[in-house]
Amino acid sequence: MKQHLLPAFRLTLVLLVVCCLIYPALVWAGAQLAPNSGQGETISHRGRVVGYDNVGQKFTRPEYFWARPSAVDYNSTGSAGSNKGPSNPEYQATVQARLDTFLLQNPGVAKAQVPAELITASGSGLDPHLSPAGAAVQVARVARARQLDAAKVQALVAQHTQHSLLGPDRVNVLRLNVALDELSSR
Amino acid sequence: MINELLGIGAIYFLTLVLALPLGHYLARVFKGEKNLLDFLRPVENGIFRLSGIDARREMSWQQHLVALLTINLVWFLLAMLVLSTQGSLPLNPDQNPSMAPDLAFNTAISFLVNCNLQHYSGESGLSYLSQIVVITFLQFVSAATGIAAAVVVFNALQTRATDKLGNFYNYFVKSLTRLLLPGSLVVALLLAFNGTPMTLQGKQELVTLQGDSVAVSRGPVAAMVAIKELGTNGGGFYGANSAHPLENPNYLTNSIENIALVIIPMAMVFALGFYLNRRKLALMIFGVMTVGFVVLLAPTVYYELQGNPAISHLGVNQELGALEGKEIRFGAAASAYWSITNTVISCGSVNSMHDSFMPLSGLTQMLGMMTNAFYGGCGVGLLNFFAYLIIAVFIAGLMVGRTPELLGKKIEAREMKIAILVTLLHPLLILAGTALTAHLYAGNPTEYAGWLANPGYHGFSEMLYEFTSASANNGSGFEGLGDNTPWWNISTGVVLLLSRFLPIIGPVAIAGLLARKKYVPESAGTLPADTATFGVMVMAVIVIIAALAFFPALALGPIAEHFSLY
C-alpha cells in the first residue's frame, strides 16, 4: 500500500488538472460558438429577456396559455417532480381538484378533452411544453379573455406546434404566449 | 404512439451500431495494438512521468487491487475535504453552504463508487468548485476504475498460465485518455449546442412574461452531464437530473444522453470477444443480457403508455400515457425506455420521476438493479456477469458430470466460494437494509414520518428502492424519500462501500486465480460456454439468485400496489 500511496497522490493531482481544468476549459471554449455563448437560449420580448427557451414558467392569468402543474411552482432555482405514487389517495384527490378547477375556469370544455398533462406535475417542475391537445383545450378561454377570434388563436397554436418524427408533438408555452402578446398588440 | 415506439427502437439500434466498432477499438487499446488515438501517447507518457509511475511494470491480481484501493482512498479524502469546506472555497457564486459531515460522507462515497445517490439538490447543495473538482472528477475516475478492473479480468482469461496481468495505472489512464475524455468532449459539445449551459456565471434573475420575478440556475452543466452519462454515473447537475430542461433540452439530447450511458457497458461485452478472440462467447453474453433487458423493458413501456388507471377513472384524455413526473418533450415511451436502461445499467440518471411510475414499472426498475448484470455499469456490469458465469459453469458441470471449466481453466471450490459470496452479498445488503429500516419506521412512524412521501405499499417500495439502488451502485431513487437524514446517509453510505469494492475484488481475485492455472485445451469432455444452451443456463442462475431472492419483498411493495390499483 505504501509504495502505491505516493504515485496515487501524484496521479490524482495530474488528473485533477486534466479532468477539472483542461477538459471543462475545452468544453467551455467550444460552447462559446454555441447559441448565446453556452449560457442557455433566452427569449426576448419588447427589448427585455422574458425567459429561457427551455425553462418553463408560471402562467395564471386567463389571457395566457397555462403550463403544466409544477411541484416547485416553476421556481427555477430548484427543480423536482411531485414524487407522488400512482395509488396515493392524497395524490388522487389533488388531481381531481386540479381537474375541477380547470373545468370551472374553462367553461364549455368537456372532461374528455382535457389531456392528462394539465392535471399532472412534470418531472422537473419546469416543463416548458404542452402537447397540442393541452394547448387546444385552452384556446376558447384565451380567445375570450383577449377578445380575439378563436380561429386566429388556434392558427397561432398550430404555427407553434413542433412536429417530430420520433418523439411526441409539442408546443413551447412561453414562445406561444410571447406570440400571443405580439398578436394582441398589433 | 407509433412514433414514440419508433423513437425508442431508433435509440436502441443506434446504440448497438455504435457499440460494435467501439468494442473493437477498446480491445485494440487495451491489448496495446495500433489504434486511432495513438497520437495521445505522449500525453499519457507525460501523465505517467509526472506521477512517477512505470506503466510497463506488470502486476499480479493482488497488486492490481492494492493499487486500485489505495488511489480510491486518496479520492475519498479529497472529496470529503472539498465538500465539507465548499462554503468558504472559491467558485461559489450562489453562496451555497458547506455540507454537514454525514451528508459529505454519503456524497463522497456515493460518487467515489460510481453510484451517485444524491441526498442533496445540485442547485442549492453544491458550489461550482464541488461540481467540478468532486463530482465531475469522481465521475471520470470511478468509471475508469471499473473499466480497468474489467480489463484485468480480460487479461487473466487468456489461454496462458501467468501471474502477470498488466499494469493497473496503464489500464486506468488509458480508459480516461482513449475513451472517457474524448467521448465526453464530443457529448458535452453536442449538448452545449442544443442549449445546455456551460458557464461559470451564477443564477440569472429575470422578470417573466407575466411579470413574476424568478431566477434561473445555470453552471458548467454540459461538461458534467457528458461524463455523468458516459461513465454510467448518473448524478445530475440539477436536482431533477436529466428531466431538467437545461440538463436535457430536447428529444435529440435525450437520445444522445441515453446512447452515451448504454454504449460503454455494451461495447465492453464486444471488447471481451475481440480481446480474447472468442466472439461466440461475447455473443452468448450479449444475448443473455439483451433478453433480460427486453423482458424488463416491454412491460414498463406498456404500462406507462396505458397510463394511470386512477386517472383514467376521472374521464380525462390519457392518450399520451402516464405523465405524472414525466416531461412532454420525451413522452411516456422514451421515459420508460430511459428508466430501464438506467436501472439495468448502474447509471441511475433519470429523465422522469421513478416514484410516480406505475407499480409494475417500479418493479421492473428494481429488478434491473437487483440483477445488475444486464449490460451493467462501466466495466463492473461485466464483472457481475462474470460471477454469475462462474456459478453457471459450476452448476452445469455438476449436472452433466463434467469438470467445470471456463475457457480452458478449471473452476474449483475456491473460485466458486468467492463467486457465491459476491452474488449473495447483493440480496443480503438490500434485504437486511430494508428490513432494518422498515423495523425502525414501524416502531416509531411519527418520528420518521418525514421519510416517506407516500403511504402504504408504495411507501415500502420507496425504502426497498433506496437500498436496491445503493447496493447496485445505481443512484436513482424513488425521490419522494426524505433521505438527507443521518440514518439514510450513513446506512446507504456503508452499503455503497461494501457493494462497490467487494464485487470488484471478488471477480478480479477469481480471474487472478484462474490465470495461474494450467490451460487445458478444449476436448470432447469440455462443456462449451459459448452456446445458446449455456446462455439459458446462465439466465436461469440469474433468475434464481437475483430475482427469486427478492420476490417476497417485491410482493410486499410493487406487486401489492399493482393489485390495489388495477
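Start where the two chains meet: select the residues of chain A and chain B that are in contact, meaning their C-beta atoms, placed from the backbone, lie within 7 Å. You should pick up 90 residues from chain A and 99 residues from chain B. This is a predicted model, where local features need pLDDT of at least 70 and side-chain atom pairs count only at pLDDT 80 or more, while totals for chains, interfaces and linings use all residues. Residues are numbered from 1 along each chain as its sequence is written, and chains are lettered from A in the order in which they are written.

Stay on chain A's side and colour α1 (2–31). This helix (a DSSP run of H or I, at least four residues) gives the most to the side touching chain B, with 21 residues.

Next, show the domains of chain A, whose bounds come from an automatic or database assignment: domain 1 is 1–39 and domain 2 is 41–185. Their C-alpha centres lie 41 Å apart.

Now for the largest nonpolar core, which has 223 residues. Such a core is a set of buried Ala, Val, Leu, Ile, Met, Phe, Trp, Tyr and Cys residues joined through C-beta atoms within 7 Å; buried means 20 or more other C-beta atoms within 10 Å of a residue's own. Select helix α6 (residues 128–156) of chain B, source of the core's largest share, 20 residues. Both domains of chain A join in, with at least three residues each.

Which residues of chain A does B:Ala222 touch? Zoom in and you'll find A:Val27 and A:Ala31. B:Ala222 is also among the residues with the most contacts inside the core.

Technical notes: A residue is buried if 20 or more other C-beta atoms lie within 10 Å of its own, exposed if 12 or fewer, and partly exposed in between; C-beta atoms are placed from the backbone. Helices (H or I, at least four residues) and strands (E, at least two) are DSSP runs, numbered from the N terminus. Lists of a residue's contacts leave out its neighbours within four places in sequence.
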